[in-house]
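Trainee: I have a model open and no idea where to start. Can we go through it together?
Mentor: Fine, put it on the screen.

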Amino acid sequence: MTVVENLKSIISKAPSTATMSGWRRKSARQAGGAAILLAAAGVAILGFLTGRLLVPATAEVAAAPIAAARPAIPQTISLSPGAMHNMALHIAVAQLRPVTRNLEVAGTVAFNKMHMAQVSAPARGRVEAVMVTPGQHVKAGERMTVLDYFDLGAMHSRVTSAAAALAQAKAEDATAKAALDRAKAELDVGGIARSEVERRRAEAARTDAMLRTRMADLQYQQEDEAHLMPLDAPAGQDGSVASAAPGPRNWRGAIVSPIDGDIDTVNLSPGEIADIGSAVVTVADLSNIVVEASVPEGELGNLREGDAIALHVDALPGRVFTGTVVHVADELDPHTGTDTVLCAVPNPDGALRVNMFGKVDIAEPLGREAVQVADTAIQNVNGHPAVFVQVGKGEFAWRAVRTAGSSNGFTEIEQGLSPGTPVVTEGSYWLKAALLRSTIPDES
């Protein structure tokens with residue numbers, strides 16, 4: 001008989017409601033005896049069901065095969081030349097390196113004031129033309145504005161006067177030297193006194209000195225005029241920039257860019273008056289920028305100029321810009337409790353723009369050295385960090401190591417690796433995969 005049939009038989013034999021009503025009219029002894037019989041029957045049923053249900057489960061457990069033990073991971077793995085070529089393994093020597101702590105702070109891209117020029121007017125004048133606009137790239141020496149200089153006429157007059165004085169000095173010097181030569185010839189035939197010869201020698205020396213003075217004065221005046229860079233005054237054979245026919249257009253001068261860079265601001269418009277020393281145009285060399293990093297007060301202890309940094313900007317995901325700390329401010333911001341740290345970052349392609357926001361990772365030295373390997377050399381083998389060491393031609397062994405912190409792409413090894421040991425960096429993952437694959441049984 002099945003379990004279901006047993007249950008149906010027991011339920012059919014159970015007393016009905018009417019019978020129960022009759023029992024209530026009987027004596028207490030008979031009711032208690034019936035209750036005892038029912039309880040015993042329930043216990044018997046539960047025991048029967050429990051036994052029937054547990055027997056198959058127990059049988060299944062007993063019938064389950066014992067799991068095979070995990071195969072041991074071999075200590076070494078050998079690769080063919082072709083396999084090594086496909087894995088593109090790169091081997092580097094574990095070195096003692098300064099231990100650094102990676103400090104992550106916020107930063108903002110800014111102009112590098114060491115590579116920024118505020119170009120001023122060398123003399124007072126009126127702006128005639130502006131040839132550049134903000135954002136435009138200019139080369140060193142490229143013309144940016146044209147000014148009508150009020151003082152250039154006076155400078156031209158001084159150059160002309162210096163040139164005339166030089167011509168007179170040349171004539172006087174030539175006359176004095178000729179007189180000296182005649183006196184020397186007459187002295188030989190007794191036609192002149194020696195004292196007259198000495199007087200003429202002194203006069204020739206005076207005119208020679210005057211000639212040198214006039215030449216120096218003309219050069220000074222020419223250089224002073226050249227600072228204004230006149231546009232329509234061609235240079236002569238003697239280097240003079242003065243025009244032979246002075247006129248209003250000769251007083252025009254150009255302001256040129258002193259560096260390669262981008263125009264940041266233009267402060268004057270055509271028709272305005274530019275005074276001496278007033279900034280007309282600002283040029284910034286964006287190939288070298290700075291990042292202003294905000295470092296909390298508690299992180300300044302080990303921060304030094306020259307520490308390496310890595311910049312990540314939101315506008316250029318996946319790209320990393322490297323640089324160095326160049327200045328740590330002497331005063332903290334009283335509102336934020338942070339110090340402004342300037343980091344120089346090369347920007348040769350101009351990808352970084354001023355006021356870009358990003359994250360700055362500063363490698364802060366901790367004042368000690370430790371064995372370090374590239375982060376790519378660390379793999380998890382048999383539940384432990386490990387590195388792969390080359391022990392022969394095409395043969396590699398894995399070594400369990402104990403690691404510490406990781407910073408700037410390198411992981412500190414506290415135990416298990418000596419300095420100078422060649423370890424696999426790039427491609428270590430494929431070595432691990434080949435090692436684990438060797439533990440899989442060959443079912444063929």
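Trainee: How many helices and strands are in the protein chain?
Mentor: The chain has seven helices and 22 strands. Keep in mind that this is a predicted model.

Trainee: What share of the residues is buried?
Mentor: Of the 444 residues, 31% are buried. The accessible surface is about 26500 Å², and carbon and sulfur atoms account for 56% of that surface.

Trainee: And the contacts? What part of those with a separation of 6 or more is between residues 24 or more positions apart?
Mentor: That part is 73%.

Trainee: Let's take helix 6. How far apart are its end C-alpha atoms?
Mentor: They are 48 Å apart. Helix 6 covers residues 194-226, which is 33 residues, and at 1.5 Å a residue the expected span is 48 Å, so the two values agree.

Trainee: Which residues of helix 6 are buried?
Mentor: Val197, Arg200, Ala204, Thr207, Leu211, Leu218, Gln221, Gln222 and Glu225.

Trainee: What do those buried residues pack against?
Mentor: They pack against helix 5, residues 152-188.

Trainee: Now the strands. In what order do the four strands of the open sheet come?
Mentor: The order is 4-11-9-6, with antiparallel pairing. Strand 4 (116-120) and strand 6 (137-138) are the edges; each has a single partner strand, so one side of each has no neighbour in the sheet.

Trainee: How many bridges are there between strand 9 and strand 11?
Mentor: Four, in the antiparallel sense, between residues 261-266 of strand 9 and residues 279-284 of strand 11. One pair to look at is Ile263 with its bridge partner Val283 in strand 11.

Trainee: Changing topic: the nonpolar cores. How many residues does the largest one have?
Mentor: It has 24 residues. Those with the most contacts inside this core are Val291, Val295, Ile309, Leu311, Leu352, Val360 and Ile362.

Trainee: Which strands supply at least two residues each?
Mentor: Strand 3 (95-111), strand 12 (288-296), strand 13, strand 14 (321-328), strand 15 (338-346) and strand 16 (357-374). Strand 12 gives the most, with four residues. Apart from this core lies another, of 18 residues, which includes Ala121, Val127, Val132 and Ile263.

Trainee: Any general reason for such clusters?
Mentor: In soluble globular proteins, nonpolar side chains tend to be buried together.

Trainee: Back to Ile309. Is Ile309 buried or exposed?
Mentor: Its relative accessible area is 4%, and the cut-off for buried is under 20%, so Ile309 counts as buried. Ile309 is in strand 13, residues 308-313.

Trainee: What is Ile309 in contact with, leaving aside neighbours within four places in sequence?
Mentor: The contacts are Phe321, Thr322, Gly323, Thr324, Val325, Cys343, Val345, Val360, Asp361 and Ile362. Take Thr324: it is 15 residues from Ile309 along the chain, and the two C-alpha atoms are separated by 5.4 Å.

Trainee: Where is Asn112?
Mentor: Asn112 is in the loop between strand 3 and strand 4. It is buried, with a relative accessible area of 12%.

Trainee: Which backbone nitrogen lies 3.0 Å from a polar atom of the Asn112 side chain?
Mentor: That of Met114. Not counting residues up to four places away in sequence, Asn112 also touches Asn288, Ile289 and Val290.

Trainee: What does strand 19 pair with?
Mentor: Strand 1 (residues 76-78) is joined to strand 19 (residues 395-400) by three bridges, running antiparallel. Strand 18 (residues 384-392) also pairs with strand 19 in the antiparallel sense, over six bridges.

Trainee: Which residues are partnered with Phe396?
Mentor: Ile77 has Phe396 as its bridge partner, and Gln390 stands opposite Phe396 as well. In the hairpin of strand 18 and strand 19, two residues lie between the strands, and Gly394 takes a positive phi near 75°.

Trainee: Which residues other than glycine have a positive phi?
Mentor: Ala88 is one of them, with phi near 55°. Ala88 lies in the loop between helix 4 (81-87) and strand 2 (91-93) and is exposed, with a relative accessible area of 52%. Asn382 has a positive phi of about 60°. Asn382 sits in the loop between strand 17 (379-381) and strand 18, and is partly exposed at 48% relative accessible area.

Conventions
Residues numbered from 1 in each chain as written. Predicted model: local features only at pLDDT ≥ 70, side-chain atom pairs only at ≥ 80, totals over all residues. Heavy atoms only, no water. Expected span 1.5 Å × (residues − 1). Buried < 20%, exposed > 50% of the residue type's maximum accessible area, 1.4 Å probe, protein only. Contact = heavy atoms within 4.5 Å. Pairing = 2+ DSSP bridges. Areas by Shrake-Rupley, 256 points an atom, 1.4 Å probe, with all protein chains shown as cover. Core = buried A, V, L, I, M, F, W, Y, C linked by side-chain atoms within 4.5 Å. Polar contact = N/O pair within 3.5 Å; in protein donor to acceptor, adjacent residues only side chain to side chain.
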